[in-house]
Amino acid sequence: MQSKEHVMRRAIELARQGLGRTAPNPCVGAVLVRNKTIVAEGWHRAFGQAHAEIEALADARRKGIHLQECSLYVTLEPCNHEGKTPPCSRAIVDAGIPEVIIGCADPNPVAAGGIEFLRCHGVTVTVGILEQECRDLVADFLVWTQKKRPFVMVKLATTLDGKIATRTGHSAWISNEISRQKVHAMRAWSNGIMVGSGTFRQDNPSLTCRLENFTGPQPIALIVTTHLPEAPEKYTLLASRPRETIFLTTMAESISLRAEGLKELGVQVWGLPSGKHGLDLEQGLCRLFQECHCYYVLAEGGGRLSSSLYQQGLLDELHMFQAMKILGDEQGKAVFSGREVLFMDDAWPFRLLDHQFLDTDLYLRLRP
C-alpha cells in the first residue's frame with residue numbers, strides 16, 4: 001500500500017524534470033493512482049507545452065485506463081484560467097476524475113481557483129500533502145511573479161575549513177570532475193552567470209556551459225565590479241562574446257571612458273546606485289528580468305559577492321560543493337566574507353533541501 005506522501009513524492013520527482021524549461025511557468029508533476037497503485041504519470045515539460053495534469057491524463061488514456069476509477073495527485077493546484085493551454089481544472093472534471101490530492105495551493109491569483117472549481121463540480125479535493133516540498137518546487141515562480149526578478153542561485157566550491165581559494169586566489173580545482181559537470185548542467189539552464197571583480201580578473205573565465213551535447217544559447221555573462229577593466233582585450237570573455245556580457249557597476253563608472261570603450265565592443269554597461277551592502281544588485285536583476293527575460297541567474301563569484309547577495313535578500317538558493325580537503329590557512333579566501341560578527345546568534349541560518357555525495361565531494365542544496 002502506497003501512502004499519499006509516497007505518491008506525492010513521486011509527483012515531486014517528476015516535476016523536477018522540467019526545471020529550467022518551464023519558465024515562466026512553475027514546475028509541476030502529476031500522478032494517477034488506481035487501487036492504490038500508480039498507473040500513469042506526467043509533468044510540465046516546457047513552456048507552451050501541455051501541463052502536468054494533461055500529460056498524466058493522456059498517459060492513462062494511451063494505456064486504456066478508466067479515469068473515473070483514478071485519483072489524481074498533483075504538486076500544484078490545477079490552473080483555472082485560459083493561457084497558452086486550456087484550464088486543467090476543466091480537463092479534470094471532463095475526464096471524470098472523482099478525487100484530486102494537491103500538494104500546495106497556487107500562489108498566483110491569475111491561475112488560482114482550481115480547487116474551488118473542482119469542489120463545485122463534485123470532485124473530492126485534499127490540499128497540503130508534502131506542502132513544504134511542493135512549495136519549494138515553485139519558489140522560483142514566486143520570485144518571478146512577486147519580485148519581478150530572476151531566481152538567484154549561488155554556487156560555491158569549498159574546502160572543509162570553508163575556503164574557496166588560497167590567499168593568492170588560486171582555486172583550480174577545489175571540487176572534483178563530477179561536481180564540475182553538475183555545475184555545467186546548472187549553467188545549461190541558467191540564463192545568466194554572475195561573478196565579481198576578483199573572479200573576473202583572477203580567473204579570466206569564459207562563463208559558458210561546456211557540456212558535450214549542449215547546443216545553447218549560452219548564458220549572459222554578468223560582471224559585478226566598481227572598477228571596469230582597463231585593457232579589455234586581455235580578457236577571454238570580452239574577446240569571445242562581448243555582446244553577451246553585461247557589467248554591473250557604479251553610476252559614475254558607467255559613464256567613464258572605460259565604459260565607452262567597452263560599449264564600442266558591444267558590451268553593455270549598467271550603472272547602479274550604491275547602498276549599505278554594495279551595488280544595488282536588485283535593480284540590476286529586475287532590469288535583467290524585464291529586458292532580457294532572464295529567469296535564472298547562477299552566481300559563481302567570491303565570498304563578498306555571495307555575502308552582498310544574501311544581505312540584499314537576493315540569495316534564493318545556495319549550492320555548496322564541499323571537497324574533503326583542508327587548506328589550513330586563515331588568509332585563504334572565505335566562502336562568505338565582509339562581515340564582523342561577535343555572536344553566533346548573528347550567524348545566517350539555512351535550511352537543507354537536498355544532499356548527496358558526488359564521489360569525494362559532498363553536495364548541499366540549501367535555502368535561507
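Select E212 to start: at a relative accessible area of 78%, E212 is exposed, where exposed means over 50%, buried under 20% and partly exposed in between, with a 1.4 Å probe and protein chains only. E212 sits in the loop between α8 (197-203) and β9 (220-224). Helices (H or I, at least four residues) and strands (E, at least two) are DSSP runs, numbered from the N terminus. Now add R201, eleven residues away along the chain: the C-alpha atoms of E212 and R201 are 27 Å apart.

This is a predicted model, in which local features need pLDDT of at least 70 and side-chain atom pairs count only at pLDDT 80 or more, while totals for chains, interfaces and linings use all residues. Residues are numbered from 1 along each chain as its sequence is written, and side-chain values use heavy atoms, with hydrogens and water left out.

**Two cis peptide bonds**

Stay in the loop between α8 and β9, where P217 is also placed. The peptide bond that joins G216 and P217 is cis, with omega at about 0°. Next, go to A23 and P24, which are joined by a cis peptide bond with omega of about 5°. P24 belongs to the loop between α1 and β1 (29-34).

**Positive phi angles**

Select K148, in the loop between α6 (139-147) and β6. K148 is not a glycine, yet its phi is positive, at about 55°. With 48% relative accessibility, K148 counts as partly exposed.

Then select D359, in the loop between β17 and β18. D359 is not a glycine either, and has a positive phi of about 60°. Its relative accessibility is 56%, so D359 counts as exposed.

**A helix under cover**

Move to helix α12, residues 303-311. Is this helix largely enclosed or exposed? Seven of its nine residues are buried, so the rest of the structure largely encloses α12. The buried residues are G303, L305, S306, S307, S308, L309 and Y310. Just after α12 comes G313, with a positive phi of about 70°.

**Salt bridges**

Side chains of opposite charge can pair when their charged atoms come close. A salt bridge here is a side-chain nitrogen of Lys or Arg within 4 Å of a carboxyl oxygen of Asp or Glu. The structure holds 22 salt bridges.

Begin with R45 and E55, whose side chains meet in a salt bridge at 3.3 Å, N to O. This pair links distant parts of the chain, ten residues apart: R45 is in the loop between β2 (37-43) and α2 (52-62), and E55 is in helix α2. R45 counts as partly exposed at 34% relative accessibility, whereas E55 is buried at 18%.

Keep α2 selected and find D59 and R62, both in this helix and three residues apart, about one turn. Their side chains form a salt bridge at 3.6 Å, N to O. D59 counts as buried, with 13% relative accessibility, while R62 is exposed, with a relative accessible area of 62%.

For a pair in helix α7, select R180 and E177, three residues apart, about one turn of the helix. The salt bridge between their side chains is 2.9 Å, N to O. R180 counts as buried at 18% relative accessibility, and E177 as partly exposed at 44%.

Last in this group, select D136, E317, R351, R365 and R367, which salt bridges link in a network.

**The second largest pocket**

Keep E317 and R365 selected and add R16, L19 and D354: of the 26 residues that line the second largest pocket, these five lie nearest its centre. A pocket is an open set of points on a 1 Å grid over the protein atoms alone, where a 1.4 Å probe fits, with protein on both sides within 12 Å along at least five of seven lines; lining residues have an atom within 4 Å of a point. The pocket holds about 660 Å³ of space, a volume being the space filled by probe spheres set on the points, which are joined across faces, edges and corners.

Elements giving two or more residues to this lining include α1 (4-16), α5 (131-137), β6 (151-158), β17 (351-358) and β18 (361-367). Which element gives the most? It is α1, with four residues.
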